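Q: I have just opened this structure and would like to go through it step by step. Could we begin with a single residue and widen the view from there?

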Amino acid sequence: MRLTLPLLLVAAPVWAEGFATQVTGDFNEDGIADHVAVVEFGGWGQADLLLKMGDGLETIWVQNIIWVGGIGQQPSLKITPHGSLQVIDHNSSIGRNRWEQTHTVAWRDGAMRVVGYTYHWYDTLNLEDSGSCDLNFLTGKGEVSKGQDGSVKMIPVKTPAFLAQDWTYVLPPECEAHIK
C-alpha cells in the first residue's frame, strides 16, 4: 500500500498508542535525509512500517508488518555499514518457541526493496528443534541450518527482491520449507 503522507515521519505520530521507534539515513544516496519509523497503532501486537524518502515525494506505509512483543521484545531498526536498513523483530521470552527475524531493505533499481531475510529459531524444551535461514533476494543464494550440529546447507532463492510496499507478513517459501 502506497500513501502520500507529507511530514508524517518528522516526529512520532500523536495518535500512536503503542510502541514507536525511528531512524534517519540517506538510503537513496541523494544527499537528503530519509526517515523510517515502526509504529504500533492501537497496541494490537503488530506495527506499521513507514518510510519517507527525503524529497517528500514518496512515503511508503506498510501496515501490520512487524510483531511487537512486550517490554524488551520491541522491534528495532538498524542502518548497516553499507547503508541498508534492517528491520528486526523477535520473540525472546514468550512460550517455548523463540525466534528473531531480520528484513533487510535497500534502495535498488530506483525504489526501496526488501533484498534479504534472516530467521533464527529454537525451542527451549527441544534444543534439536533449532536453526537458521538466511536469504539474499538479490543474488538468489541462501543458506539454512537445522539442529544442534548447525551444519549449513546452501539453497537457491527464487524469491526476487520486492518493493517495500509489497511486503507481507509471511515467511519466505525458502525458509518455510526448512522450518517444519
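Q: Where does arginine 98 lie?
A: Arginine 98 is part of strand E7, which covers residues 97-108. Please bear in mind that the model is a predicted one.

Q: Which side chain of opposite charge is nearest to arginine 98, and how far away?
A: That is aspartate 123, at 8.0 Å. Arginine 98 is buried and has no salt bridge. A salt bridge would need a side-chain nitrogen of Lys or Arg within 4 Å of a carboxyl oxygen of Asp or Glu, so the 8.0 Å to aspartate 123 does not qualify.

Q: What lies 2.8 Å from a polar atom of the side chain of arginine 98?
A: The backbone oxygen of glycine 95 is found at that distance.

Q: And which residues is arginine 98 in contact with, leaving aside neighbours within four places in sequence?
A: The contacts are Asn91, Ser92, Ser93, His120, Trp121, Tyr122 and Thr124.

Q: How many salt bridges does the structure hold?
A: The structure holds one salt bridge. It is formed by the side chains of arginine 96 and aspartate 123, with 2.7 Å from N to O. The two residues are 27 apart and link distant parts of the chain: arginine 96 is in the loop between strand E6 (85-91) and E7, while aspartate 123 is in strand E8.

Q: Is aspartate 123 buried or exposed?
A: Aspartate 123 is buried, because its relative accessible area is 4%. Its partner arginine 96 counts as partly exposed, at 37% relative accessibility. As general background, side chains of opposite charge can pair when their charged atoms come close.

Q: Let us turn to arginine 113. Which side chain of opposite charge is nearest to it?
A: For arginine 113 it is aspartate 109, 4.3 Å away. Arginine 113 is in strand E8, and it is buried without a salt bridge. The limit for a salt bridge is 4 Å, so a distance of 4.3 Å falls outside it.

Q: What does arginine 113 touch?
A: Not counting residues up to four places away in sequence, arginine 113 touches Thr104, Val105, Ala106, Arg108, Ala161, Phe162, Leu163 and Ala164.

Q: You mentioned aspartate 109. What is its phi?
A: Aspartate 109 has a positive phi of about 50°, although it is not a glycine. This residue lies in the loop between E7 and strand E8 (111-123). Aspartate 109 counts as exposed because its relative accessible area is 72%.

Q: What about glutamate 29, and where is it placed?
A: Glutamate 29 sits in the loop between strand E1 (20-25) and strand E2 (34-39). Its phi is also positive, about 50°, and glutamate 29 is not a glycine. With 68% relative accessibility, glutamate 29 counts as exposed.

Q: Changing topic: how many disulfides does the count come to?
A: The count comes to one disulfide. It joins cysteine 133 to cysteine 175, with an S to S distance of 2.0 Å. The angle about the S-S bond is -85°, and the link is left-handed. This pair connects distant parts of the chain, 42 residues apart: cysteine 133 belongs to strand E9 (residues 130-136) and cysteine 175 to helix H1 (residues 173-179).

Q: Are those two cysteines buried or exposed?
A: Both cysteine 133 and cysteine 175 are buried.

Q: Which residues is valine 144 in contact with?
A: Beyond neighbours within four places in sequence, its contacts include Cys133, one of the disulfide cysteines, and His178. Valine 144 lies in strand E10 (residues 141-146) and is buried, with a relative accessible area of 5%. Valine 144 and methionine 154 are ten residues apart in sequence, and 6.6 Å separates their C-alpha atoms.

Q: And isoleucine 71: buried or exposed?
A: Isoleucine 71 counts as exposed, at 84% relative accessibility. This residue is in the loop between strand E4 (59-67) and strand E5 (76-79). Isoleucine 71 and phenylalanine 19 are 52 residues apart in sequence, with 9.6 Å between their C-alpha atoms.

Q: Finally, how many helices and strands are there in the protein chain?
A: The chain has one helix and twelve strands. From the N terminus on, the elements run β-β-β-β-β-β-β-β-β-β-β-β-α. Of its 180 residues, 47% count as buried. The accessible surface comes to about 9,300 Å², with 55% belonging to carbon and sulfur atoms.

How values were computed:
Residues are numbered from 1 along each chain as its sequence is written. This is a predicted model: local features need pLDDT of at least 70, side-chain atom pairs count only at pLDDT 80 or more; totals for chains, interfaces and linings use all residues. Side-chain values use heavy atoms; hydrogens and water are left out. Helices (H or I, at least four residues) and strands (E, at least two) are DSSP runs, numbered from the N terminus. Buried means under 20% relative accessible area, exposed over 50%, partly exposed in between (1.4 Å probe, protein chains only). Lys and Arg count as positive and Asp and Glu as negative; His and the chain ends are not counted. A polar contact is a pair of N or O atoms within 3.5 Å; within protein, one must be able to donate a hydrogen and the other to accept it, and residues adjacent in sequence count only if both atoms are side-chain atoms. Contact means heavy atoms within 4.5 Å. A disulfide is a pair of cysteine sulfur atoms within 2.5 Å. Accessible areas come from the Shrake-Rupley method with a 1.4 Å probe; for residues, only the protein chains shown count as cover.
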